[in-house]
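Grab a coffee and work through these exercises with the viewer open. Each one sets a task, then walks through a solution.

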Number of protein chains: 2
Amino acid sequence: MKKLNITIIGMGLIGGSIGLALKEADPDRFFITAVATRTATLELALERKAADRAIVDLTEGVVDADIIFICTPVLQIVPIVEKIAPFLKQGTIITDVGSTKGYIADRINHILPPGVFYVSGHPMAGLEQSGMQAADSHLFINKWYILVPEVSTSTEAVSTVAELIALTGAKITTMKVEDHDRCAAVISHVPHVAAAAMVHLLDFSHDMEESLKLAGGGFRDTTRIASSNADMWSDICLTNPRAITDSLQNLRAILSQVIEDIEEGDRQALHTFFSIAKKRRDALINASL
Amino acid sequence: MKKLNITIIGMGLIGGSIGLALKEADPDRFFITAVATRTATLELALERKAADRAIVDLTEGVVDADIIFICTPVLQIVPIVEKIAPFLKQGTIITDVGSTKGYIADRINHILPPGVFYVSGHPMAGLEQSGMQAADSHLFINKWYILVPEVSTSTEAVSTVAELIALTGAKITTMKVEDHDRCAAVISHVPHVAAAAMVHLLDFSHDMEESLKLAGGGFRDTTRIASSNADMWSDICLTNPRAITDSLQNLRAILSQVIEDIEEGDRQALHTFFSIAKKRRDALINASL
């Protein structure tokens, strides 16, 4: 049986973990090519057996590919598709793991050559660590992997990608593109911005040393995702701007109300604010376990 | 040797853990009385050996006390001191574990009977779980326990409390009261408000079911402290109002700048925002380990 040629472009946390998970699930079925700009990354990918072959040259890495996973920061995805498009064989499937789906699909679907298919996907498996060194074959187990058939170009290609993803242990689900981008803003993008903003609050304080002593578990957890990759999150903000700024405005409005409640000493309002959040959050977390 | 009579008022996470830690450290040295309004809590405190005696009646619980730990939500602390003040013996030390120190000290120091001492303290060991069932004798190990000698009424009493606290495994440090309240707002109080606010953002969304699928590790962590006790956090907001509203205003200003950067597509500004936050947060967490 001919091996399936899989090319992973961008061997970071997600790309590296996809390679590791697929090789672990079925080592003989896949021939995996890793493409990255840094040779140290490629060496690590080979050493950890996340790939069978490692290549810096994009074109060389994709010519034989049956399926291409693009796992770079969001703003690099479309330029990469433009670059590789002329070299792909008929039937190649391109899929990406970017956190914003509308922006990417709008552009990819205009530059896709005939006979090449696009599948829009988003694994909900981010960590604040990044890079091949943080990759883990178990990263996707029991995590949601969202597919967006609405902006994918072939039902058959979606099934093929879904079948591969199932091997990683992820739970597959589908969403509409607008729902995805709006929900991702609320659940993921805005919390990242807010976590970074809370770290910046320290700049308004003149005694970092004193603050250090107080940085207990609460601050550590709330700002954990502020340690995420800056390139990745800049790109996300720029490619889901409307949903993110809408949610940030809503967050500002909620904070204004809290400020007003505190200034008026309205304990009932504050209690309702905290207790509704607790109930909602406990239910959400239990449901998503 | 006469045992030291310790009374703990409020057997929640902190009060229960103090009892467990002291009994574990030196079971024969302390006679611990637990005071709480719910009999189920008191039964659990006895069953878990967090106390030697359990009493609902406040007066009866404090008459013989050498040291009293008040571990209730902040707004209950001052009324409790008012209630017990007439019944305390000479030399009794009262200490509290409230998250806001200025408000409490201002009031307690006006109602303290002569010969009774106050020590202002704040263990940085909160969890989102609460109650005696979540109490843990190891809760304080390697956590900061802030003492505020500036608003305590006896150096000797501060030393006595510090010596007890050292038995829990906590690291003891001191702060000025204004620094404490300002830093606590930035590091703890505002992150709690923001976490709850982010959960409320879900109300602006019409498809909770879809959001559930996206509630990955980022959202879970950023909003973990939104599952905290609503009574406790309402009280904190009302007793540290100025520092909290100042910081919330600063947070709003930072979010406004991010909204502007996104709307202008200013990738450089966004990248700086995220990368400074990452550097600062990584340094802070490493330093506070």
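**Exercise 1. Find the residue of chain A that comes closest to the rotation axis, then work out what kind of axis it is.**

Start with the residue: A:Thr222 comes closest to the axis of all residues of chain A, with its C-alpha at 2.0 Å. Bear in mind that you're looking at a predicted model.

Next, the operation. A turn of 180 degrees, with a shift of 0.0 Å along the axis, lays chain A on chain B with an RMSD of 0.0 Å. That is the relation of a two-fold axis.

**Exercise 2. Describe how chain A and chain B meet: how many residues does each bring, and how much area is buried?**

Step one, count residues. Chain A brings 93 residues to the contact, and chain B brings 93 residues.

Step two, compare the two sides. Of the interface residues of chain A, 100% are also interface residues in chain B, so the copies meet through the same surface.

Step three, look at area. About 9,100 Å² is buried between chain A and chain B, and carbon and sulfur atoms give 70% of that.

**Exercise 3. Pick apart the polar side of the interface of chain A and chain B, then say which elements build the chain A side.**

Begin with the salt bridges: there are six across the interface of chain A and chain B. One to click on is A:Arg267 with B:Asp235, where the closest N and O atoms are 2.8 Å apart. That fits the rule, because the cut-off for a salt bridge is 4 Å.

Now widen the search. Between chain A and chain B there are 23 residue pairs in polar contact, both partners at pLDDT 80 or more.

Then map the secondary structure. Eight names come up on the side of chain A that touches chain B, each supplying at least two residues: strands β7 (144-147) and β8 (171-174), plus helices α7 (177-200), α8 (208-214), α9 (217-222), α10 (230-239), α11 (241-263) and α12 (267-287). Among these, α7(A) gives the most, with 17 residues.

Finish with chemistry: that side of chain A has 49 nonpolar, 25 polar and 19 charged residues.

**Exercise 4. Now stay inside chain A. Where do its domains lie, and what is the contact between them made of?**

First, the bounds. Chain A splits into domain 1 (4-175) and domain 2 (179-287), and their C-alpha centres lie 31 Å apart.

Second, the contact. Domain 1 of chain A puts in 15 residues and domain 2 of chain A puts in 18 residues. Together these domains bury about 1,400 Å², with 65% of it on carbon and sulfur atoms.

Third, the polar links. Zero salt bridges turn up across the interface of these two domains of chain A, but there are six residue pairs in polar contact, both at pLDDT 80 or more.

Fourth, the elements on the domain 1 side: α4 (74-84) and α5 (102-111) of chain A each give two or more residues. The largest share, three residues, comes from α4(A). By class, this side has seven nonpolar, six polar and two charged residues.

**Exercise 5. Which residue forms a salt bridge with A:Glu163, and which parts of the chain does the pair link?**

Over all chains, the total is 21 salt bridges. In this one, A:Glu163 pairs with A:Arg29, and their closest N and O atoms are 3.0 Å apart. Now place both ends: A:Glu163 is in helix α6 (residues 155-166) of chain A, while A:Arg29 is in the loop between α1 (13-25) and β2 (30-35) of chain A. The pair links distant parts of the chain, 134 residues apart.

Terms used:
Residues are numbered from 1 along each chain as its sequence is written. Chains are lettered from A and ligands numbered from 1 in the order in which they are written. This is a predicted model: local features need pLDDT of at least 70, side-chain atom pairs count only at pLDDT 80 or more; totals for chains, interfaces and linings use all residues. Side-chain values use heavy atoms; hydrogens and water are left out. Copies are superposed by least squares on the C-alpha atoms of residues with pLDDT of at least 70 in both. Contact means heavy atoms within 4.5 Å. Buried area is the accessible area (1.4 Å probe) that two parts lose on being put together, summed over both. A salt bridge is a side-chain nitrogen of Lys or Arg within 4 Å of a carboxyl oxygen of Asp or Glu. A polar contact is a pair of N or O atoms within 3.5 Å; within protein, one must be able to donate a hydrogen and the other to accept it, and residues adjacent in sequence count only if both atoms are side-chain atoms. Helices (H or I, at least four residues) and strands (E, at least two) are DSSP runs, numbered from the N terminus. Ala, Val, Leu, Ile, Met, Phe, Trp, Tyr, Cys and Pro count as nonpolar, Asp, Glu, Lys and Arg as charged, and the others, Gly among them, as polar. Domain bounds come from an automatic or database domain assignment.
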